[in-house]
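Visitor: I am new to this structure and should like to learn how its features are read. May we go through them one at a time?

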Amino acid sequence: MQKVLGNTDGLKNNIIAALEQLYECKVPAWQLISPELVAQMAAITTAVNREVNVFLDRKGNVLSVSIGDSNTVSLPDLPGRRGSGRLSGIRCIHTHPGGNPQLSGIDYSALRGHKYDLMAAIGVNDEKPEESVLNFAIITGKDSYGQYIVQEYGTLKPDALETLFLPNIISSAEKLLALSDDNRKMEQRPERAMLVSLEYGKQDRLWTSEDSLEELRQLAETAGAEVKAKFLQKRPKPDPGFFIGRGKVRDLALYAQQEEIDMCVFDEELSPAQQRNLEQALGIKVLDRTALILDIFAQRARTNEGKLQVELAQLQYTLPRIMGQGLSLSRLGGGIGTRGPGETKLETDRRVIRDRIAYIKGCIDKVQNVRKLHRSQRNKNQVPSVSLVGYTNAGKSTLLNVLTNSEVYEKDQLFATLDPTTRQLELPDKRQAILTDTVGFIQRLPHQLIAAFKSTLEETVDADLLVHVIDVSHPLYKEQSEAVYRVLQEIGAQEKPVLSVFNKIDKLPPDSGLLDQLKEIPESVCISAKKNIGLEKLLEEITARLKLKSVEVELMIPYSESGLAAKMFDSGTVLSQEYEGEGIRIRARVQNDELSRYEKYLIER
């Protein structure tokens, strides 16, 4: 038998034998510590009221066993130091009599000094040693002073040890340590991602799980990730703890280890508990569909209003997840899912987030009031407004540029433009209209974004006409169209008049017959914004659907009716006013329903 180190004075032979027996324990290489080893160490601590310490290598072999007193245990020096960007390859696990699993200052000092893979403390339950819990801490990089940053995780129950995948946790920590040593950032190379979708119950949505997973791939690549694999699991219902099956979690953890995966993205919104459990089990960063879309929005926001709206959505998403982030080591290194307020979420608390949310809402309310003022002025001037709506990447920005001779940013990618853009549109009848390019929609658009972008989406609600741009070259254009109508209903714009515009007809196969079918659909136009096809007809259709709300007239109002001239400043827009011998010559824009009042003074219409 190998020797038991530390203070063995006064120990009975059976205790010595139990300590020596610990050398025979073999922990699975993927496990932090086995429940059996926890129970044995806890039983010895309960019997003698002393701390017990074991060292394990990365293969799960017990390298050393030592015993101390009720407060501490001396740790021997073991070989295993590696380069500056690597951990030692040895983990230290010890017991705390009395049930407190919190790590002490001495524990932290030893972790930093020896660069252990991790330092764990088992809070021993004297009555039920097998139910003892543990905390552990791991080095996650260096601060600006060159000191090791340590983060503690827990409290873990014995059953959690069956799902926690240690190799990925250590790998994530060493990546961060190497990055901080080299003074580099994770953004220098794309983050490697695996995507996961769950098909459960009766799928009542139009999108198949495969289609939705493919769109998730596009979202991940838009965010800057390199997608290495996609996984689809079928279950009767989601697992309440892990969303997917626990066996699948293990498969994903092994794949992440083999392919050096940095993050796992799920196609559904995860509960805070599910996200924590998955990060703990996989040992890598876990995002859901909502977090991924929020990250893309954080990248795309350019205006101050857009940045505020994105930050509000991210904070509202973060708030229920702020407690117990789990093993989200990669979040500390930046990258996808950490942009915006996510960079500091581990250092903030609920009160600070709520204060920030209240402040941002106040700022957005001020912007909203300015928007209302602009809209009221447009309404007074009777300038018709048109909003471009549609699925993301349907070609709305391209159409805006072509119709208004603008240079708004456009690119063939999801959410290429985020901030709404308003331009003046000249109609064929020489009238002026306001054309607004709104944020693109997507299936299951996060409700946090809809709430945060309420002031922006009001431009859609208040528009006189919605031009629904549809990318007919996409194989799921019908499903995308339905997703747009669902979002319009959610924001209260379902009663607005809609003109359907089938875009990108130049990409349709010439012999498919689809173009002929589209031309037969009422209330629609077929165009190609890129190739300038069908734009004249589109403008004619827009003009026909915009009711003539006002007319420009020239009046001669006698001085005896000067009160009527004064009312015109309230009911219409006075463009010019001259005092002549016969009366007051006024050129003004008057609403149609007000025109009869001035009919007998009309000079020119």
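Visitor: At what angle does helix H8 run to strand S11?

Guide: In this predicted model, helix H8 (residues 289–300) runs at about 90 degrees to S11. Helix H8 lies across strand S10 (263–266) as well as S11.

Visitor: In what order do the strands of that open sheet stand?

Guide: The order is S9-S8-S10-S11, an open sheet of 4 strands with parallel pairing. Strand S9 (226–235) and strand S11 (285–288) are the edge strands, each pairing on one side only. From one strand to the next, the twist averages 20 degrees.

Visitor: How many bridges join strand S8 to S9?

Guide: There are 9 bridges between strand S8 (residues 192–200) and S9, and the two run parallel. As one position to look at, leucine 195 stands opposite lysine 230 in S9. Helix H6 (residues 246–259) packs on this sheet and touches S8 and S9. The direction of H6 makes about 170 degrees with that of S9.

Visitor: What should one bear in mind about side chains along a strand?

Guide: In a regular strand, side chains alternate between the two faces of the sheet. With that idea in hand, let us turn to another strand. Strand S14 (residues 432–437) has 5 of its 6 residues buried, and therefore the rest of the structure largely encloses it.

Visitor: Which strands are joined to S14 by bridges, and in which direction do they run, parallel or antiparallel?

Guide: Strand S12 (residues 385–390) runs parallel to S14 and is joined to it by 4 bridges. Serine 387 has threonine 436 in S14 as its bridge partner. S13, by contrast, runs antiparallel to S14, with 6 bridges joining the two. Here glutamine 424 has isoleucine 434 in S14 as its bridge partner.

Visitor: How many residues lie between the strands in the hairpin of S13 and S14?

Guide: The hairpin has 5 residues between its strands. Lysine 430, in this hairpin, takes a positive phi near 75 degrees.

Visitor: How is the sign of phi to be read?

Guide: Most residues other than glycine have a negative phi, so a positive value deserves a second look. Two asparagines illustrate this here. Asparagine 405 has a phi near 55 degrees, and asparagine 532 has one near 60 degrees.

Visitor: Where are asparagine 405 and asparagine 532 found?

Guide: Asparagine 405 is in the loop that runs between helix H11 (396–404) and strand S13 (421–426). Asparagine 532 is in the loop between strand S17 (524–526) and helix H16 (535–545).

Visitor: Are these two asparagines buried or exposed?

Guide: A residue counts as exposed when its relative accessible area is over 50%. Asparagine 405 has a value of 73% and is therefore exposed. Asparagine 532, at 53%, is exposed as well.

Visitor: Lastly, how do helices H1 and H2 pack?

Guide: One reads the angle between the two axes and the distance separating them. Helix H1 (residues 13–21) and helix H2 (residues 35–48) pack at about 155 degrees, and their axes are 10 Å apart. An angle over 145 degrees counts as roughly antiparallel, so H1 is roughly antiparallel to H2. Their crossing is left-handed.

Visitor: Which residues make the contact, and of what class are they?

Guide: H1 contributes Ile15, Ala18 and Leu19, while H2 contributes Ile44, Ala47 and Val48. By class, the contact has 6 nonpolar residues, no polar ones and no charged ones.

Note on methods: Residues numbered from 1 in each chain as written. Predicted model: local features only at pLDDT ≥ 70, side-chain atom pairs only at ≥ 80, totals over all residues. Heavy atoms only, no water. Buried < 20%, exposed > 50% of the residue type's maximum accessible area, 1.4 Å probe, protein only. Axes fitted to C-alpha atoms, helices over the stretch in contact; angles between N-to-C directions. Parallel < 35°, antiparallel > 145°, perpendicular 65-115°, else oblique. Left-handed = near helix turned anticlockwise from the far one by under 90°. Contact = heavy atoms within 4.5 Å. Nonpolar A, V, L, I, M, F, W, Y, C, P; charged D, E, K, R; others polar. Pairing = 2+ DSSP bridges.
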